[in-house]
Amino acid sequence: MPTYELSLILRQMPRPELISVLKRTATAIFDKGGVIRKLDNLGTKPLPFKTSVHGLVHRTGSYFVVKFDTPPATVEDLEEEYGRDVDIIRKRIYKADAALHEPVSCTLHEEMLPPAYRKDVQKMLATAARNKKKGFQYNTGLDYYPFQK
């Protein structure tokens with residue numbers, strides 16, 4: 001099963017109602033044979049512009065991101081079901097990039113080295129040395145700056 005990301009903007013509502021909406025969205029994924037991997041709450045923020053959905057105008061919303069696995073055939077059904085929900089202002093389902101989920105190889109030996117001996121720190125120091133800019137040269141011919149700073 002491929003991994004998908006569901007980005008949701010829910011209307012502003014009290015916490016108990018917000019929890020019931022999230023349970024509804026999660027239950028829809030479970031009913032279609034999916035598995036939820038992660039649920040992120042990005043907070044309640046003002047919308048970039050006022051949005052009219054289901055006959056109501058919204059200016060603020062609660063942002064959530066749900067990562068889940070489900071069969072590809074059920075994605076359209078989920079989009080249709082979320083489109084009918086009056087508590088959801090915006091919803092988008094994206095296929096998560098498989099390259100982002102590659103395992104990170106890290107050894108304890110490299111992590112235990114002092115910072116000056118780590119490869120990533122040496123690379124940052126080399127980049128900083130390459131990009132080092134010289135100070136401003138006052139082309140007055142004087143050994144001091146004649147104007148007050």
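# Exercises on a predicted protein model

Of the 149 residues in the protein, 26% are buried. The structure is a predicted model, and every exercise below refers to that model.

## Exercise 1. The overall architecture

Task: State how many helices and strands the protein has, and in what order the elements run.

Solution. Begin with the inventory: the protein contains four helices and four strands. Next, follow the chain from the N terminus, where the order of elements reads β-α-β-β-α-β-α-α. Then turn to the contacts between residues at least 6 apart in sequence: 71% of these join residues at least 24 apart. Finally, consider the surface: the protein exposes about 11,500 Å², of which carbon and sulfur atoms supply 55%.

## Exercise 2. Strand pairing around S3

Task: Determine in which sense S2 and S3 pair, and over how many bridges.

Solution. Locate the strands: S2 covers residues 35-53, and S3 covers residues 56-69. These two strands pair in the antiparallel sense over 13 bridges. Strand S1 (residues 3-11) is also joined to S3, by nine bridges, and these strands too run antiparallel.

Individual bridges can now be assigned. Lys67 in S3 is the bridge partner of Glu5, and Lys67 is also the bridge partner of Lys38. A further bridge links Val35 with Asp69 of S3.

## Exercise 3. Asp69 in strand S3

Task: Decide whether Asp69 is buried or exposed, and identify the side chain with which its own side chain makes a polar contact.

Solution. First, place the residue: Asp69 belongs to strand S3. Second, apply the cut-off: a residue is buried when its relative accessible area is under 20%. Asp69 has a relative accessibility of 7% and therefore counts as buried. Third, examine the surroundings. Leaving aside neighbours within four places in sequence, Asp69 contacts Met1, Pro2, Thr3, Gly34, Val35 and Arg37. Of these residues, Val35 is the bridge partner of Asp69, while the side chain of Arg37 makes a polar contact with that of Asp69 at 2.7 Å.

## Exercise 4. The turn at His54

Task: Explain why the phi of His54 deserves attention.

Solution. Start with the location: His54 lies in the loop between strand S2 and S3. The hairpin formed by S2 and S3 has two residues between the strands. The general expectation is that most residues other than glycine have a negative phi. His54 is not a glycine, yet its phi is positive, at about 55°. As to accessibility, the partly exposed class lies between 20% and 50%; His54, at 41%, therefore counts as partly exposed.

## Exercise 5. Asp85 and its contacts

Task: Establish where Asp85 is found and which residues it touches beyond four places in sequence.

Solution. Asp85 is found in the loop between helix H2 (75-84) and strand S4 (88-95). Its relative accessible area is 13%, so Asp85 is buried. Not counting residues up to four places away in sequence, Asp85 touches Val21, Arg24 and His54; His54 is the hairpin residue with the positive phi. A distance completes the picture: Asp85 and Thr25 are 60 residues apart along the chain, and their C-alpha atoms are separated by 9.3 Å.

## Exercise 6. A charge and a ring

Task: Identify the ring over which the charged end of Lys45 sits.

Solution. The ring is that of Tyr63, and the charged end of Lys45 sits 5.7 Å from the centre of that ring. Lastly, for pairing between aromatic rings, the count comes to one pair.

Conventions. Residues are numbered from 1 along each chain as its sequence is written. This is a predicted model: local features need pLDDT of at least 70, side-chain atom pairs count only at pLDDT 80 or more; totals for chains, interfaces and linings use all residues. Side-chain values use heavy atoms; hydrogens and water are left out. Buried means under 20% relative accessible area, exposed over 50%, partly exposed in between (1.4 Å probe, protein chains only). Contact means heavy atoms within 4.5 Å. Accessible areas come from the Shrake-Rupley method with a 1.4 Å probe; for residues, only the protein chains shown count as cover. A polar contact is a pair of N or O atoms within 3.5 Å; within protein, one must be able to donate a hydrogen and the other to accept it, and residues adjacent in sequence count only if both atoms are side-chain atoms. Rings of Phe, Tyr and Trp (its six-membered ring) pair if their centres lie within 6.5 Å; planes under 30 degrees apart count as stacked, over 60 as edge-to-face and the rest as tilted. A charge sits over a ring if NZ of Lys or CZ of Arg is within 6 Å of the ring centre and within 35 degrees of the ring normal. Two strands pair if DSSP finds at least two bridges between them.
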